[in-house]
Amino acid sequence: MRNSFRLIISCLLICCCCFFTSANKSYADSKVTSNDQKKEIKRSLESLKDLDYQTWQIIVYPSSKESKNLILRIVGYPGSLRIDHPTSLMVNSGRKTWDLKDITKKSKINVESLNDSAAEFDLSTLIAELDKNRPLRLSLPGLINDLPIPPYLVREWRSLAE
């Protein structure tokens, strides 16, 4: 009885350690689309909370297979908010501020596939000007007051542009 209890506790501790070490890792995942030819698209996908505890999904992906231009898509919880387009995204790194233009309606993908709780921005100029993996702060007027982007995620975005 005592040995089985120790075995169960040991297994639980190992599972918890594995969960917490893998939960802290970020990744750039790959998605394979099912066209006539298979294409691998590398992207960054992360869910973050702003300082008002609103959850946002942050996706960064190249505008095309051949291009190094990156698009930042911000998605809020559907039904809980509506993003009016065009809306500029303010990005602050502490030393520098960028004003990213809303390209949601100009995007190559079908606008119908994006709901009212999503917006897209051209991230290329910001990534080109960053020389370090500095933390960023995003804000969308009336929607996001302050969304911190940690350095590991900035590093991931910069690696997509290489």
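Which residue stands opposite Ile71 in β7? Select Ile71 and look across: the residue facing it is Asp122. That pair is a good place to start, and we will come back to its strands shortly.

**Before you click further**

You are looking at a predicted model, in which local features need pLDDT of at least 70 and side-chain atom pairs count only at pLDDT 80 or more, while totals for chains, interfaces and linings use all residues. Residues are numbered from 1 along each chain as its sequence is written, and side-chain values use heavy atoms, with hydrogens and water left out.

**The whole chain**

Colour by secondary structure. The protein chain has three helices and nine strands, where helices (H or I, at least four residues) and strands (E, at least two) are DSSP runs numbered from the N terminus. Following the sequence, you meet them in the pattern α-β-β-β-β-β-β-β-α-β-β-α.

Now switch on the surface. About 10,700 Å² of the protein chain is exposed, and 54% of that comes from carbon and sulfur atoms; the areas come from the Shrake-Rupley method with a 1.4 Å probe, and for residues only the protein chains shown count as cover. Of the 162 residues, 34% are buried. Here buried means under 20% relative accessible area, exposed means over 50%, and partly exposed is in between (1.4 Å probe, protein chains only).

If you draw a contact map, count a contact when heavy atoms are within 4.5 Å. Among contacts between residues at least 6 apart in sequence, 50% join residues at least 24 apart.

**Stop 1: β4 and β7**

Select residues 70-75 and 118-122. These are strands β4 and β7, which pair in the antiparallel sense over five bridges; two strands count as paired if DSSP finds at least two bridges between them. Strand β7 is mostly covered, with four of its five residues buried.

Show the side chains of Glu120 and Arg73. They meet in a salt bridge, 2.6 Å from N to O, the criterion being a side-chain nitrogen of Lys or Arg within 4 Å of a carboxyl oxygen of Asp or Glu. Because Glu120 lies in strand β7 and Arg73 in strand β4, the pair ties together parts that are 47 residues apart in sequence. Are these two residues buried or exposed? Both Glu120 and Arg73 are buried.

**Stop 2: more salt bridges**

By the same rule the count comes to four salt bridges. For another one, select Glu129 and Lys96, whose side chains meet at 3.0 Å, N to O. Glu129 lies in helix α2 (residues 124-129) and Lys96 in the loop between β5 (89-92) and β6, so this pair ties together parts that are 33 residues apart in sequence. Glu129 is partly exposed at 43% relative accessible area, and Lys96 also counts as partly exposed, at 38%.

Next, pick Asp99 and Lys101: their closest N and O atoms are 3.2 Å apart, in a salt bridge. Asp99 is partly exposed, with a relative accessible area of 39%.

**Stop 3: the four-stranded sheet**

Select β6, β5, β8 and β9. In that order they form an open sheet of four strands with antiparallel pairing. At the edges are β6 (97-100) and β9, each pairing on one side only. Neighbouring strands are turned by 20° against each other on average, direction ignored; the axes are lines fitted to C-alpha atoms, for helices over the stretch in contact, and angles run from 0 to 180 degrees between N-to-C directions.

Zoom in on β8 and β9, which pair over four bridges. Leu136 stands opposite Ile149 in β9. Helix α3 (residues 151-161) packs on the sheet, touching β8 and β9, and its direction makes about 75° with that of β9.

Within β8 (residues 136-140), click on Ser139. Ser139 is partly exposed at 21% relative accessible area. Leaving aside neighbours within four places in sequence, its contacts are Ser88, Leu89, Met90, Ile144 and Asn145. Try a distance label between Ser139 and Ser88: they are 51 residues apart in sequence and 8.9 Å apart in space, C-alpha to C-alpha.

In β9 (residues 144-149), click on Asp146. Asp146 is buried, with a relative accessible area of 18%. Beyond neighbours within four places in sequence, Asp146 is in contact with Asp50, Leu51, Arg137 and Leu138.

**Last stop: Tyr53**

Finish in the loop between β2 (38-49) and β3 (55-62), where you will find Tyr53. Its phi is near 65°, a positive value in a residue other than glycine. Tyr53 is exposed, with a relative accessible area of 68%.
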